[in-house]
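Here is a friendly note to read with the model open beside you. Take the points one at a time, and find each residue on screen before you move on.

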Amino acid sequence: MKTYFITGAAGFIGSNLAKRILTEEKNIRVIGLDSVNDYYDVKIKEYRLEELKKFENFVFIKGNLADKECVENIFKEYKPEIVVNLAAQAGVRYSITNPDAYIESNLIGFYNILECCRHYPVEHLVYASSSSVYGSNKKVPYSTDDKVDNPVSLYAATKKSNELLAHSYSKLYNIPSTGLRFFTVYGPAGRPDMAYFGFTNKLIAGETIKIFNYGNCKRDFTYIDDIVEGVIRVMKKAPEKKNGEDGLPIPPYAVYNIGNSNPENLLDFVNILQEELVRAGVLPKDYDFEAHKELVPMQAGDVPVTFADTTPLERDFGFKPSTSLRDGLRKFAEWYKEFYM
Ligand SMILES: NC(=O)c1ccc[n+]([C@@H]2O[C@H](COP(=O)([O-])OP(=O)(O)OC[C@H]3O[C@@H](n4cnc5c(N)ncnc54)[C@H](O)[C@@H]3O)[C@@H](O)[C@H]2O)c1
């Protein structure tokens, strides 16, 4: 029996990952930890957890990653072989008003995971990093070989710190670890703090949505199932443990981008979203979108084009995200209709 420990199991990516493992794999159990905090609508987290609690080999623990004893007890009791750390305080703007949450979850929490992986050896530690580590780098596509020493938010700084901490633990204690830099993930039961979700809420409320740089920004939007597929492939193939010429272990450490590598124009994204919201019956057929859309200049610090170089992911795991915006936004719109209306 293999034991997976997923932190952030009530979160968007964690719940989808847990569900896929529980549905497809035999002889496994999934231990999920989440504090179920109220950074966004808790009802969505409860909805995701209800889906997971239908599986009898799912164990849910409500707790805080920053509580060392709580995390240690989980490792002691369940001895997970695979750890996927997805719990974190996300969001860039929230870090201006709530910096403590980032230090607590993303730094102390991650440190607790590392310490446990040191004392209760695991086959593989996979953890979420973020495309935000690229800061305002100009060169695209973003490659894991690029320099990422200039974070422009506290959130990005904590994610980059995770990669550094993981490297040192991989080197010192030979812990196989892989960091995954996710690029804007979207889909059903996604995060309400993200643009596509916020746009939808605003359009329904009859408010106006602001589209920066007149819609001429290009972004990688990555559908949730592609992210889950990527995490599963990576999770099962830990970086190899090898010794260098000096006889000392070479850190079994890796970092990959997971993104669509096919940047889409923000305006196209909004247009497809509109069409799919109408198709799903979230908005009426005669909705006047033009009256609820404001094209505005770029915000300071915004980058016009960002997207992922996923060559290493393709090379090592034979996988590249491929879900189209049309298919992905259709699933989001249909879920939204069912959940809220
Ligand atoms: N969704 C994206 O577009 C995206 C992009 C890049 C990186 N990421 C990273 O991927 C991971 C998962 O993201 P998500 O979109 O599922 O976010 P999410 O907010 O939906 O999920 C994170 C979960 O972690 C929980 N959590 C937070 N702090 C905790 C703590 N101290 N103890 C226990 N639980 C805690 C939250 O309650 C939440 O349910 C995060 O690390 C995030 O930073 C996400």
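1. Let us begin with Thr 3. If we set aside its neighbours within four places in sequence, Thr 3 is in contact with Arg 29, Ile 31, Tyr 78, Lys 79, Pro 80, Glu 81 and Ile 82. Please keep in mind throughout that this is a predicted model. Thr 3 belongs to strand β1, which covers residues 2-7. One of its contacts deserves a second look: the side chains of Thr 3 and Arg 29 are joined by a polar contact of 2.8 Å.

2. Is Thr 3 buried or exposed? Its relative accessibility is 3%. Buried means under 20% relative accessible area, so Thr 3 counts as buried. You can use that cut-off again in several of the points below.

3. Now turn to the ligand. How many residues surround the ligand, and which come nearest? There are 28 residues around it, and the nearest are Asp 34, Tyr 40, Asn 64, Tyr 155 and Lys 159. Sorted by kind, the residues of this shell are 14 nonpolar, ten polar and four charged.

4. Where along the chain does the shell come from? Among the contributors, α1 (12-24), β5 (124-130) and α6 (154-173) each provide at least two residues of the shell around the ligand. The largest share comes from β5, with three residues.

5. Next, look at some oxygen atoms of the ligand and what lies beside them. A ligand oxygen sits 2.8 Å from a polar backbone atom of Ile 13, and a polar backbone atom of Gly 11 is 3.3 Å from an oxygen of the ligand. With Arg 191 the partner is in the side chain: one of its N or O atoms is 2.9 Å from a ligand oxygen. How much of the ligand does the protein bury? On its own the ligand exposes 820 Å², and 97% of that is buried by the protein.

6. Helix α7 (residues 195-204) is a good place to practise looking down an axis. Its buried residues include Tyr 196, Phe 197, Phe 199, Thr 200 and Leu 203. Why do the buried residues of α7 line one face of the helix? Viewed down the axis of α7, they fall within an arc of 160°, so they line one face. The elements covering these buried residues include α1, α2 (42-53), β7 (185-186), β8 (209-211), α9 (266-279) and α11 (325-340). After α7 comes Gly 206, which has a positive phi, near 75°.

7. Two residues other than glycine also have a phi worth checking. Ala 189, in the loop between β7 and α7, has a positive phi near 55°. Tyr 214 is in the loop between β8 and β9 (218-219), and its phi is positive too, near 55°. As for their surroundings, Ala 189 has a relative accessible area of 7% and is therefore buried. Tyr 214, at 43% relative accessibility, counts as partly exposed.

8. Val 92 is found in the loop between β4 (82-85) and α4 (94-97). With 45% relative accessibility, Val 92 counts as partly exposed. Which residues does Val 92 touch, if we do not count those up to four places away in sequence? They are Tyr 102, Ser 153 and Tyr 155. You have already met Tyr 155, as one of the residues that come nearest to the ligand. Val 92 and Val 152 are 60 residues apart in sequence, and their C-alpha atoms are 9.3 Å apart in space.

9. Let us finish with Ala 308, in the loop between β15 (293-295) and α10 (311-317). Ala 308 has a relative accessible area of 1% and is therefore buried. Apart from neighbours within four places in sequence, its contacts are Pro 141, Tyr 142, Phe 183, Asp 220, Asn 257, Gly 259 and Ser 261. The C-alpha atoms of Ala 308 and Pro 188 are separated by 22 Å, and the two residues are 120 residues apart along the chain.

10. One of those contacts leads to a last detail. Pro 141 lies in the loop between β5 and α6. What kind of peptide bond joins Val 140 and Pro 141? The bond is cis, with omega about -5°.

Terms used:
Residues numbered from 1 in each chain as written. Predicted model: local features only at pLDDT ≥ 70, side-chain atom pairs only at ≥ 80, totals over all residues. Heavy atoms only, no water. Near = heavy atom within 4 Å. Polar contact = N/O pair within 3.5 Å; in protein donor to acceptor, adjacent residues only side chain to side chain. Areas by Shrake-Rupley, 256 points an atom, 1.4 Å probe, with all protein chains shown as cover. Helix = DSSP H or I, 4+ residues; strand = E, 2+ residues; numbered from the N terminus. Nonpolar A, V, L, I, M, F, W, Y, C, P; charged D, E, K, R; others polar. Buried < 20%, exposed > 50% of the residue type's maximum accessible area, 1.4 Å probe, protein only. Arc of directions from axis to C-beta. Contact = heavy atoms within 4.5 Å.
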